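Please walk through this protein step by step, beginning with its surface and then moving to its aromatic rings and to one serine.

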Amino acid sequence: MDAIYKSLRSPLIDQYTDILHEQFNSYASWQPLRDKVLAFPIFPWIFVFHCVFVAVRLRPVLRGQHWLFSLFATFFACVGGGTMASVLLATPPAWLAHHLMFPAAAAVWYLSNYAPLPFDAFNRLAMFPPINALIAAFECTNRARAIFIGVDKAAAMFPASIFAALFIGTISGFGGSLVINATEKMIRGWDAAAKSELSAPAWPLRAAFYSTLAYVLLADPLRLLFAQAPFDPEDVKFAIVLASASQGVVTELFRWRWVAGPFGPFETTLLSLLRVVEPHTQPAADHTAAAARIKDEPKGPVYSQVGPKGTQRKAVKPISKDKSS
């Protein structure tokens, strides 16, 4: 048997075997880094950078509002995802158990909105591209870690429901964006043409969903898809965190604005097969007709007159003032 085995071996097989061993050894050298990244505590640094990311971007929306409204709107935008997931799972949110999370978020809010710093130094420094990229990396890491926590909680409470894991994980990842949208609606009023994370899904919603989907399918915390998870859950977490942080850094450094991301062609193909028409894909004739109706609308103040043909709208001609008076 040894002679047959040696006769079947070839230098090419030995070469590929050595390559696999080298890759395994190089991967094993990454495990300490993986353990350090996943064991890095969310509070204070990840959470504080996440609060900076939210406060700086929410500041223009809250300009001119009462300071108490501004403070709580910023805080709930920072903890919106975890709070929504905790409400759905009937568990206390983490910020209630940690007495320093609210003061930390309040301190960041104060520095961004009211700190007497020259030249708006805090916000300008936070938006400086290298520092902004670092903040975005921590922001994406916080989103991924929140997704893992949400999925694990949902799997523990509903071990037979994949939908619960996907829904709770997605909400945990982009709940803060929903809070920001609700804040804008409260300040600027409801406008049917205004976009939100639900009416026009952007990258935060897609990133949260795809990260949740990858974690549920590859790590299988429910143990419903595979008898044994195809990958180590810690490896899956590290890969998702690394991909999310890299995307955040590239986006902020090169000013790329992801909408559908790399999954855009897949989404378009799937919606086409299912015959689901998105609002922006409506025929141009509808927009032309709407523009024609707007063009025919009377200009200036209008009044309603009920006649034999129903209610008619007529324009009121402005009364010109006599220049001699």
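Helices are taken here as DSSP runs of H or I with at least four residues, numbered from the N terminus. With that numbering in hand, and keeping in mind that this is a predicted model, one can turn to a nonpolar patch on the surface, of which the largest share, four residues, comes from helix 4.

The patch covers about 730 Å² and is made by W67, L68, F72, F76, Y110, L111, Y114 and L117. Helix 4, which spans residues 67-78, and helix 7, which spans 101-113, each contribute at least two residues to this patch. One of the patch residues, L111, has its place in helix 7, and L111 counts as partly exposed because its relative accessibility is 36%, a value that falls between the limits of 20% for buried and 50% for exposed.

From the surface the path leads to the aromatic rings, where the count of pairs comes to 13. In one of these pairs, F43 and F47 are tilted towards each other, with 6.0 Å from centre to centre and 45° between the planes. Both F43 and F47 belong to helix 3, residues 42-62, where they sit four residues apart, or about one turn of the helix. F47 counts as buried, because its relative accessibility is 3%.

A second pair, F72 and F76, is stacked, with 6.3 Å between the ring centres and 25° between the planes. F72 and F76 are separated by about one helical turn, because they are four residues apart in helix 4. F72 is partly exposed, with a relative accessible area of 36%, and F76 is also partly exposed, with a relative accessible area of 32%. Both rings belong to a cluster in which ring pairs link F72, F75, F76, W95 and F102.

The last stop is S172, which lies in helix 10, residues 162-188. Is S172 buried or exposed? At 8% relative accessibility, S172 counts as buried, because that value is under the 20% limit. Leaving aside residues up to four places away in sequence, S172 touches G81, G82, A85, A146, I147 and G150. The side chain of S172 also reaches the backbone oxygen of I168, at 2.7 Å. Finally, S172 and F209 are 37 residues apart in sequence, while their C-alpha atoms are 9.8 Å apart in space.

Technical notes:
Residues numbered from 1 in each chain as written. Predicted model: local features only at pLDDT ≥ 70, side-chain atom pairs only at ≥ 80, totals over all residues. Heavy atoms only, no water. Buried < 20%, exposed > 50% of the residue type's maximum accessible area, 1.4 Å probe, protein only. Contact = heavy atoms within 4.5 Å. Polar contact = N/O pair within 3.5 Å; in protein donor to acceptor, adjacent residues only side chain to side chain. Patch = residues over 30% accessible without salt bridge, like charges linked within 9 Å, V, L, I, M, F, W, Y side chains within 5 Å. Areas by Shrake-Rupley, 256 points an atom, 1.4 Å probe, with all protein chains shown as cover. Salt bridge = Lys/Arg side-chain N within 4 Å of Asp/Glu carboxyl O. Phe/Tyr/Trp six-rings, centres within 6.5 Å; stacked < 30°, edge-to-face > 60°.
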